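Student: Could we go through this model together, asking of each term what earns it its name?

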Amino acid sequence: MLAAIRGGPIHLTLIDPDKTRGDRAAAVAREAESLGSFGLLLGGSTGITPGAMGEVAATVHRTTRLPVIIFPQGAESLTGEADAILFMSLLNSRNVGHVVRLQARASLAVKSLGIEPISTAYIVVAPGMKVGEVGEADCVPREDPKMACGYALAAQYFGMRMIYLEAGSGAPAPVPADMVRAVKEATHLPVIVGGGIRTEADARAVLDGGADVLVTGTVVEEDGGSALAPILGEVRRRRAR
Ligand code: 1GP
């Protein structure tokens, strides 16, 4: 993934195995692959089990060549069927469990399963939606890019490899472009942006801010490929430059 980003921005398709399984998961993965999505993120904020994660990861591997990356909720998200895991710390959580304790419980299993950990700072921006609630986040206010930069630069100084700016799944609007831009200027880390990206205009704004990775989940669940195609078109145009 880090190598691919050097050639321009990429897109990841989020599948929530609690909602999307079997033939539907296979269809979403095939559609994502045909439209040029780089890989699949597997995860959700609630109801995740190792069985569901393993089943969907195996389905994706059977039906596409896309890499499968775990977007973890906790130790119950782990499956050896995946290729990598965003090994995340929710930096702006009030609960130390989400900052490091869950990760301490999961790290030995990640090692023994042989999944590649990608050290990622997870920063939840308002409104945060379900993940803000479940993750007990003190959400970064949308008008406070400086606070986001503080967390992001702390992550860089900790030696993390990626920043994930998250507005929350189903957010009415994505992370503001000026916040993405400020984080890009403050750090040298690749920035993943997710939550509320539904249209070509949303994608354009976030990419103009300098996002390296766009994540979309809801558009695919609700509208399938017709909504995803223009978003991926925008990503492709940037890669071609
Ligand atoms: C992953 O929360 C996103 O970061 C997915 O958000 O469901 O709004 O695309 P959407």
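Tutor: What follows is a conversation about a ligand, the open and closed spaces in the protein, and two backbone details.

Tutor: Please keep in mind that this is a predicted model, in which local features need pLDDT of at least 70 and side-chain atom pairs count only at pLDDT 80 or more, while totals for chains, interfaces and linings use all residues. Residues are numbered from 1 along each chain as its sequence is written, and side-chain values use heavy atoms, with hydrogens and water left out.

Student: What makes a residue one of those that surround the ligand?

Tutor: A residue is near a molecule if one of its heavy atoms lies within 4 Å of it, and 13 residues surround the ligand, the closest being Tyr 164, Glu 166, Ser 169, Gly 170 and Thr 218. Strand 6 (162-166) and strand 8 (213-216) each supply at least two residues of this shell, where strands are DSSP runs of E with at least two residues, helices are runs of H or I with at least four, and both are numbered from the N terminus.

Student: Why is the pair formed by the side chain of Ser 169 and the ligand called a polar contact?

Tutor: A polar contact is a pair of N or O atoms within 3.5 Å, and an N or O atom in the side chain of Ser 169 is 2.6 Å from an oxygen atom of the ligand, so the pair meets that limit. The backbone takes part as well, with an N or O atom of Gly 196 at 2.8 Å from a ligand oxygen and one of Gly 217 at 2.8 Å from a ligand oxygen. Taken alone the ligand exposes 300 Å², of which the protein buries 98%, with accessible areas coming from the Shrake-Rupley method with a 1.4 Å probe.

Student: How do you know that the ligand takes up the space of a pocket?

Tutor: On a 1 Å grid over the protein atoms alone, a pocket is an open set of points with protein on both sides within 12 Å along at least five of seven lines, whereas a cavity is a set where a 1.4 Å probe fits but cannot get out, and lining residues have an atom within 4 Å of a point. A molecule sits in such a space if more than half of its atoms lie within 2 Å of its grid points, and the space taken by the ligand is the largest pocket. This pocket has a volume of about 820 Å³, a volume being the space filled by probe spheres set on the points, which are joined across faces, edges and corners. Its lining has 45 residues, and the largest share, six residues, comes from strand 4, which spans 84-90.

Student: What is the space called a cavity, and which residues line it?

Tutor: One cavity of 30 Å³ or more is counted, and about 40 Å³ of space lies in the largest cavity. Leu 14, Ile 15, Thr 20, Val 28, Gly 217, Val 220 and Glu 221 line it, and strand 1 (10-15) and helix 9 each give two or more residues to that lining.

Student: What makes Pro 127 and Met 129 stand out in the backbone?

Tutor: Most residues other than glycine have a negative phi, and most peptide bonds are trans. The peptide bond from Ala 126 to Pro 127 is cis, with omega near 10°, and Pro 127 is in the loop between strand 5 (116-124) and helix 5. Met 129, in helix 5, has a positive phi of about 50° although it is not a glycine.

Technical notes: A polar contact is a pair of N or O atoms within 3.5 Å; within protein, one must be able to donate a hydrogen and the other to accept it, and residues adjacent in sequence count only if both atoms are side-chain atoms.
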